[in-house]
Amino acid sequence: MLSSTLLVISYLSVAVFIIGIAWRAVKIIRLPIHLRWELYPVAHEKGRAHYGGSYLEESDWWTKPRQTSTAGELKVMIPEILLLAGVWEHNRKHWFRSFPFHFGLYLLAGLIVLLLAGGIATAAGASVAADGGTAGQILHHLTYVVGYAGLGLGLLGALTLLARRLFNADYREYTKKADYFNLAFFLVTFIVAITVHAFADPHFANLREYFTRLVTFDFSQVDAGLSSPTGLSAAEIVLMSLLVAYIPLTHMSHFFTKWFMYHDVRWSDEPNLVGGKIERQVTEALHYPVSWSAPHIRGDGKKTWADVATAGVEENEKS
Amino acid sequence: MKKRIRIEDISRPSPKLAELRKEDLKTLPPPFDKPETTPDFAPLSDKAREQYESSLDDTIALSIPMPKDRQEEDELVAKFLSGLEKLFTKENNWTFLQPLLLSMDHCATCHTCSDACHIYEASGENPIYRPNYRSEVFRRLYKKYVKSKGGLLQAWRDGEIELNWTTIARLAELSYRCNLCRRCAQTCPIGVDNGLIAHEIRKLLSQEMNITARELHKDGSVLQLKVGSSTGMNDAVVKDNMEFIDEDVTEKTGITVKTPWDKAGADILLIHNAGEIMAWPMNPGAFGVIFEVAGLNWTMSSEIAGYDSINYGVWYDDAQFARVAIKHAEVAKKLGVKKIVLGECGHAHKALTVIADRVLTGELNIPRESCMVTLEDLIFSGRIKVDPSRNDFPVTLHDPCNLVRLMGVVEPQRRIIRHIAPRFREMEPHGVHNYCCGGGSGFAIMSGHNFNDWRHQIGSRKKLEQVLNAFKDELDPSIKKYLCAPCSNCKGQLRDMITYYDLWEKHSIMYDGLVELIVNCMTDVEPDFIEWEMH
């Protein structure tokens, strides 16, 4: 496959990835304020998060400054993101399958960063190789170590997750065809990548060359010492690129929507203060028109939430 | 071998989707470790089966009349679809749209939630009680009929589901097989909230289709807004009742208590769950004693809803929820009190303090505080003097979900009990990881048909196990034991559980609130405030 075609696929994939995330994030951010629905423990409750307490344990809490802790949030978020601490605690059997898969993906994200760094360094004329400078040597060795670890763990995770969904009836009954496709997609991509690097590109040098083209927007077919990926190498690039584009379009976008689930729902305990931002947002929402048609509401699309909530006993009795 | 039930099966008409057999239920600790040692599950009557939708399992919570004909079924399906559309619009559901959408779109079906659910566990892992079963049905309906409206890849991507009256009738009942305790949400690695999904299904049914549990709606929030309380007490009756309670408690404690009514400018408006006044009069009586001895400037209100803190809308209907919350705030505003203190009622705490926080604006945003906090202040500031030796009996604490997991009020009540009850022991697990009593989300007041059997055989099974374990070395009936439950609905459920399993007669396990335990050891009052008899 022509390098330029591969480059176009990769750029498009990155664009879809970014647009996909931005589109979903904007959709979530633009949703109206909702009623409080927090769930304890709330990680930023200073001095109380360890047992699940809240500022509501203080008498006259509204007269006192709220004590929150970013460190407390990080203490929960880091092990949750990196180690899937919640799955470890509540679903140990699943953790042994899910953790390798997710940690493998983190390492592969790290591999992309290393390849980008290597590509930029190469484009700048530095040598990223076993016989390069110290930084070049570190980058060279780190790239394939992280690459093999990521691919290996990802493969193990995808394989065991797929097996569980195929052979465990409880999981099979909830698994959609798309879920099998997703895991198979990962599996094939990892197998192709491992084959490529095991047999043709053991130190990921060719892939780094491709990243050099990527970061320099080098569409030339006759190039300065850079080789064009062929066969399986091209397949690896295509599959990886498509995977990058595909993830944010699926429920796997939970890798970033989880932020909203925690910060906008589970940990969203900010009190509504008179004259504050929350009050303004609530006031706006209370003026949305209602069209629920049960007899005790009789929303006609003109009546607002404020009207419904302050309706007299007569309205309420119509049920 | 247990029957496997798939998601799609919910749409396939059959007499019963799932069966409950005593031998399948989770084994209890001794002396209830054999199926024959627990009461039998009464079968539904033939009349009930003929009149009401009952094709989910062996009980009925909602009493949905059977549609007369196919045309009526089709109309109900159309109504459901219209409600489904509305549930996902910001105008009709700004109240929960963001959390709902996040829970709809991101479940990885890892089943971590299942192990956290006391109902699923107690039922012996009945597939329809898996927290994600109803969520997955609802998720597929949403994706098929609202999000993608069909399409070539829809079933491939989201799974198969068929919408017909059978699906809706079963889903409706299934939304009332969840206590909304949100223990499952606490364990979800992604943050998906199956409790919220059950809550939203209930809302759709109520707000669009007028399908509600009679106990929560007509005999609950509607009655409360009409006469002042879901108990049916109007202002004259509640004042009369409190007068009797004042007299009783004055005689019993030696402290003169006269409940102040409608006192403008008081520091505190105390709102009880009015069920306390009817069923556990010594609870509001004990509050009166404590507040009088501490010299607080407090009042109760005789306005509509001002003397009943319940807000059942929080379990099934946003409109009813908001109406009651606003009534509570208006009463406080009219009296000009500094704060509202909520008596021992978990869902009232959460409804008015937390959830209504984004309903009450401007002058209606009156500060609200848990009585646990007020009581802790009174005891540890020395305004209430106690002699813990008066409470020399085994005590354990039931954590109301609404107070702990859903509000973060965990330690004040514990600090009090550790201080006043020398033989206190925790249940395991406790605090924010507690188990629901089985009465959550309105079940404590729902006993139609044979639902009472369901809520005790399944709903409170885990709590029974916890209570028996907490007192396992002292089950001998000669030792009186105190199960402290600082929540009216939990108390209702635990009272019924104690009766159902005969725990008072067989093991001297009694239940009551926190204030009774406090007054029982107050040095200013006559001893033996706690009544050791089943009530």
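1. In this predicted model, B:Val395 has B:Tyr482 of S7(B) as its bridge partner. Strand S5 (residues 395–397) of chain B and strand S7 (residues 481–484) of chain B run parallel and are joined by three bridges.

2. These two strands belong to an open sheet of four strands in chain B, with parallel pairing and the order S6-S5-S7-S8. The edges of the sheet are strand S6 (424–425) and strand S8 (509–512) of chain B; each has a single partner strand, so one side of each is left without a neighbour in the sheet. Helix H19 (residues 411–420) of chain B packs on the sheet and touches S5, S6 and S7 of chain B. The direction of H19 makes about 175° with that of S5(B).

3. On the division of the chains: the domain assignment of chain B gives domain 1 (7–209), domain 2 (233–376) and domain 3 (384–520). Chain A is divided into domain 1 (85–244) and domain 2 (286–317). In chain A, the C-alpha centres of domain 1 and domain 2 lie 55 Å apart. In chain B, the C-alpha centres of domain 2 and domain 3 lie 22 Å apart.

4. Where domain 2 of chain B meets domain 3 of chain B, 28 residues of domain 2 are in contact with 27 residues of domain 3. On the domain 2 side, helix H14 (274–279), helix H15 (282–294), helix H17 (346–354) and helix H18 (371–380) of chain B each supply at least two residues. H15(B) gives the largest share of that side, eight residues. By class, the domain 2 side has 15 nonpolar, nine polar and four charged residues.

5. How many residues does each chain bring to the contact between chain A and chain B? The contact takes 74 residues from chain A and 77 residues from chain B. Several helices of chain A each supply at least two residues of the side that touches chain B, among them helix H4 (92–123), helix H7 (177–199) and helix H11 (277–285). The largest share of this side of chain A, nine residues, comes from H10(A). Sorted by class, the side of chain A that touches chain B has 39 nonpolar, 22 polar and 13 charged residues.

6. A:Trp37 can be examined on its own. This residue is found in the loop between helix H1 (3–29) and helix H2 (70–83) of chain A. A:Trp37 has 26 C-beta neighbours inside 10 Å; the cut-off for a buried residue is 20 or more, so A:Trp37 counts as buried. Leaving aside neighbours within four places in sequence, A:Trp37 is in contact with A:Val265, B:Pro99 and B:Leu196. A:Trp37 and A:Asp264 are 227 residues apart in sequence, but 9.3 Å apart in space, C-alpha to C-alpha.

7. Is helix H7 of chain B largely enclosed or not, and why? Of the 17 residues of H7(B), 14 are buried, so this helix is largely enclosed by the rest of the structure. The length of H7(B) (residues 131–147) can also be checked: at 1.5 Å a residue, its 17 residues should span 24 Å, and the end C-alpha atoms are 22 Å apart, which agrees. H7(B) is followed by B:Lys149, whose phi is positive, near 45°.

Technical notes: Residues are numbered from 1 along each chain as its sequence is written. Chains are lettered from A and ligands numbered from 1 in the order in which they are written. This is a predicted model: local features need pLDDT of at least 70, side-chain atom pairs count only at pLDDT 80 or more; totals for chains, interfaces and linings use all residues. Domain bounds come from an automatic or database domain assignment. Two residues are in contact if their C-beta atoms, placed from the backbone, lie within 7 Å. Ala, Val, Leu, Ile, Met, Phe, Trp, Tyr, Cys and Pro count as nonpolar, Asp, Glu, Lys and Arg as charged, and the others, Gly among them, as polar. The expected span of a helix is 1.5 Å times one less than its number of residues. A residue is buried if 20 or more other C-beta atoms lie within 10 Å of its own, exposed if 12 or fewer, and partly exposed in between; C-beta atoms are placed from the backbone. Two strands pair if DSSP finds at least two bridges between them. Axes are lines fitted to C-alpha atoms, for helices over the stretch in contact, and angles run from 0 to 180 degrees between N-to-C directions.
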